[in-house]
Amino acid sequence: MRSIWNGAISFGLVSIPIKLVNATESHSISFRQVHTEDNGRIRYRKVCELEEREVTQAEIGKAYEDADGTMIPITDEDLSHLPIPTARTIEIVAFVPADRIDPLQMDAAYYLAASGAPAAKPYTLLREALKRSNKVAIAKYALRGRERLGMLRVVGDAIAMHGLLWPDEVRAPEGVAPDAHVTVRDKELDLADALMDTLGEVDLKDLHDEYREALEEVIAAKAAGEVPPEAPEPATGGKVLDLMAALEKSVREARESRGAEPAEHAEVTTLTAPKQTGGKKSTSTTAKKTPAKKTPATRKSTSRTAQPAKKTATAKSTQRSTASSAKTPAKKTPAKKTASRKRSA
């Protein structure tokens, strides 16, 4: 990997020559600007406004524009002799626990490579000291014309440095949170916990950029003169107004996507009942399995004899014989008892 900065780590009186190399790279697809009529490239040319001609990169330098418009040239040599200790040095100023660093401050990441054989011993010493202390080093360094803050930590057998924003560069989250007072119920928190447990953890190596892959397919199709693949139809669903129902559905779908068994939690099972169209049927099934004072046969017999209660015993006997021939013997017994009571009356 090509180094972008050469210097040293200042660790007390110990100096460690290092090279700074990028630890990350971008795989995003970039586009060129073209003229839509003929696909001609649109280019930006660097032109000197005094000579009105295009200049090369070698002819371009740096300058500071004063308040009156005067240009004050600044050379690379001027920058290398800045009167600060971090001009060519990563100066460690403190060691702190890693959780003291706010992730909002995290910026670009770099690897610090030992520069030459003399750097191997002090480099290893700093790496092992960081490992044993379970801390990170806070350092100051200068890069690209400004002094920066950094955090050094161990990655494998190497030392990595994360650029950090200065604390005053991180905005306070004022006006971000909802203004209205919202109460979250325990059942909603339980379902949120269940969803978190169901989703579980993930190996970041398994994640990939699906947008880039889809874009590559479109580019390949157009290059081959084919019709680009169309986007799938978005899922059409009604607007969810019930937070509990949305959480419960999320838990169920997350479990199904992972091939897990349905939830055993009471709160999840309770929420599924109103959504099923056969809710009354399931209640009736439960009632049949649960012992009750009246059997289903008794209820049906009662419903059939309720209206003709004022009729004669002959009508009731006819009804009893019809019911006994069509139904099971279990319904014959309560029918006889009913008829005997009516005759005695």
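**Reading a surface patch and the nonpolar cores**

Tutor: In this predicted model, Y64, I72 and I74 form a nonpolar patch on the surface, with about 270 Å² of accessible area together. Residues are numbered from 1 along each chain as its sequence is written, and side-chain values use heavy atoms, with hydrogens and water left out. Local features need pLDDT of at least 70 and side-chain atom pairs count only at pLDDT 80 or more, whereas totals for chains, interfaces and linings use all residues.

Student: What makes a patch, and where is I72 placed?

Tutor: Patch residues have over 30% relative accessible area and no salt bridge (a side-chain nitrogen of Lys or Arg within 4 Å of a carboxyl oxygen of Asp or Glu), and nonpolar side chains (Val, Leu, Ile, Met, Phe, Trp, Tyr) are joined within 5 Å. Areas come from the Shrake-Rupley method with a 1.4 Å probe, and for residues only the protein chains shown count as cover. I72 lies in strand β6 (residues 71-74), strands being DSSP runs of E with at least two residues, and I72 is partly exposed, with a relative accessible area of 36%.

Student: Which residues touch the most other members of the largest nonpolar core?

Tutor: A nonpolar core is a set of buried (under 20% relative accessible area) Ala, Val, Leu, Ile, Met, Phe, Trp, Tyr and Cys residues joined through side-chain atoms within 4.5 Å. Here the largest has 20 residues, and I9, I18, I90, L112, L126, L152 and M161 touch the most other members. Its largest share, four residues, comes from β9.

Student: How much of the chain is buried?

Tutor: Buried residues make up 19% of the 345 residues in the chain, which exposes about 26,800 Å², with carbon and sulfur atoms supplying 54% of that area.

Definitions and conventions
Patches are made of residues with over 30% relative accessible area and no salt bridge: like charges are joined within 9 Å, nonpolar side chains (Val, Leu, Ile, Met, Phe, Trp, Tyr) within 5 Å. Buried means under 20% relative accessible area, exposed over 50%, partly exposed in between (1.4 Å probe, protein chains only).
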